[in-house]
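Please keep the sequence and the model side by side while reading, since the paragraphs below move from single residues to the whole chain and back again.

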Amino acid sequence: MATKIRLQRGGRKSYAFYRIVIADARAPRDGRFTEKIGTYNPNTNPATVDLNFERALYWVETGAQPTDTVRNILSREGVYLMKHLKGGVKKGAFDEATAQKKFDAWKADKQKGLEKVAADEAKAKKDAAAAQLKAEKAQNEEQAKKVAEKKAAEAAAKAEAEAAAAAEAATETPAEEAAAEAPAAE
C-alpha cells in the first residue's frame with residue numbers, strides 16, 4: 001500500500017483550513033485517512049502550522065511520500081533535517097546528543113529569524129501609521145489655514161460694510177441737521 005502525507009481541506013468557502021493526514025495514495029483528497037498528524041492554516045500571516053513532530057518524523061522515516069506543499073511544510077518545521085541527522089547517527093558520523101544539539105541550534109536560529117521578520121513588520125506598520133498621522137496633521141493645518149483666511153476675509157468684508165454704513169450715516173446726519181435747522185429758522 002502506497003502511503004501519502006497530504007492535506008485534507010476543511011473550512012468554509014474562500015477560507016480554507018487544512019488537516020495534515022496520512023492516507024492511502026488511492027484515497028480521495030477529503031476521503032479516508034489513516035492518521036491526522038497536524039493542521040495548516042494558510043489564512044494567517046505567516047501561515048500557522050500545528051504539527052505532531054514525532055509522528056510526522058515516524059511516517060517520513062517509514063517511507064510515506066508527502067505532496068509538494070506538505071514537503072515544504074515538513075521542511076520548514078525541521079522534520080527532514082531531523083531525518084537527515086538521524087541518518088548521520090545511524091552511519092556513526094556523530095552521536096545522538098550532537099544531532100539534537102545541531103537541531104536545537106537550527107530551531108533557535110529559525111526562531112530568531114521569525115522574530116526579526118515579525119519585528120520588522122511591526123516597525124513598518126508603526127512607521128506607516130506615523131507617516132499617515134503626519135500627513136493628516138499637515139492636511140488639517142492646511143484646512144485650518146484656509147478656514148482662518150476665509151474668516152479673516154469675512155471679518156474684513158463685515159468691517160468694510162460697517163465702515164461704509166457708518167460713513168453713510170455720518171453724511172446723512174449733517175444734511176438732516178441742516179434741514180431740521182432751516183425750518184426752525186423760518
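Two residues are said to be in contact, or to touch, when heavy atoms of one lie within 4.5 Å of heavy atoms of the other. With that cut-off in hand, Thr39 in this predicted model touches Phe17, Tyr18, Arg19, Ile20, Thr48, Val49 and Asp50, once residues up to four places away in sequence are set aside. Thr39 is found in strand β3, and with a relative accessibility of 15% Thr39 counts as buried.

From this residue we can step back to the whole chain. The protein chain holds 4 helices and 5 strands, and in sequence order these elements follow the pattern β-β-β-β-α-β-α-α-α. The radius of gyration of the protein chain is 40 Å, well over the 16 Å that the globule rule gives for 186 residues, so the chain is more spread out than a compact globule. Along its principal axes the C-alpha trace spans about 140 × 40 × 20 Å. Of the 186 residues, 21% count as buried, and the chain exposes about 13,400 Å², of which carbon and sulfur atoms supply 55%. Among the contacts between residues at least 6 apart in sequence, 35% join residues that are at least 24 apart.

Which residue with a charged side chain is buried yet has no salt bridge? That description fits Arg6, a residue of strand β1, which runs over residues 3-12. The nearest side chain of opposite charge belongs to Asp24 and is 7.8 Å away, whereas a salt bridge requires the nitrogen and the carboxyl oxygen to be within 4 Å, so Asp24 does not serve as a salt-bridge partner for Arg6. A polar atom of the Arg6 side chain does, however, lie 2.7 Å from the backbone oxygen of Ala27. Beyond its neighbours within four places in sequence, Arg6 is in contact with a set of residues that includes Arg19, Ile20, Val21, Ala23 and Asp24, and also Ala27, Pro28, Arg29, Thr67 and Val70.

Arg29, one of the residues in contact with Arg6, leads on to the charged pairs. A search of the whole structure finds 7 salt bridges, and one of these joins Arg29 to Asp30, with the closest N and O atoms 3.0 Å apart. Arg29 counts as partly exposed at 47% relative accessibility, and Asp30 is likewise partly exposed, with a relative accessible area of 42%.

Two further salt bridges lie within helices. Asp68 forms a salt bridge with Arg71, the closest N and O atoms being 3.1 Å apart; because these two residues are 3 apart in helix α2 (residues 68-77), about one helical turn separates them. Asp68 counts as exposed at 55% relative accessibility, while Arg71 is partly exposed, with a relative accessible area of 34%. In helix α4, Lys146 and Glu142 are 4 residues apart, about one turn of the helix, and they form a salt bridge in which the closest N and O atoms are 3.9 Å apart. Both ends of this pair are partly exposed, Lys146 with a relative accessible area of 48% and Glu142 at 49% relative accessibility.

Helix α4, which covers residues 96-185, also holds Lys102. Lys102 is partly exposed, with a relative accessible area of 42%, and outside its neighbours within four places in sequence Lys102 is in contact with Leu85 and Phe94. The C-alpha atoms of Lys102 and Leu81 are separated by 9.6 Å, although these residues are 21 apart along the chain.

Two details of backbone geometry remain to be pointed out. Most residues other than glycine have a negative phi, and most peptide bonds are trans. Against that background, Ser14 has a positive phi of about 65° although it is not a glycine. Ser14 lies in the loop between β1 and β2 (15-24) and is exposed, with a relative accessible area of 71%. The other detail is the peptide bond that joins Asn45 and Pro46, which is cis, with an omega of about -5°. Pro46 has its place in the loop between β3 (35-41) and β4 (48-51).

Methods:
Residues numbered from 1 in each chain as written. Predicted model: local features only at pLDDT ≥ 70, side-chain atom pairs only at ≥ 80, totals over all residues. Heavy atoms only, no water. Buried < 20%, exposed > 50% of the residue type's maximum accessible area, 1.4 Å probe, protein only. Lys, Arg positive; Asp, Glu negative; His and termini not counted. Polar contact = N/O pair within 3.5 Å; in protein donor to acceptor, adjacent residues only side chain to side chain. Rg over C-alpha atoms; globule rule 2.2 N^0.38 Å. Areas by Shrake-Rupley, 256 points an atom, 1.4 Å probe, with all protein chains shown as cover.
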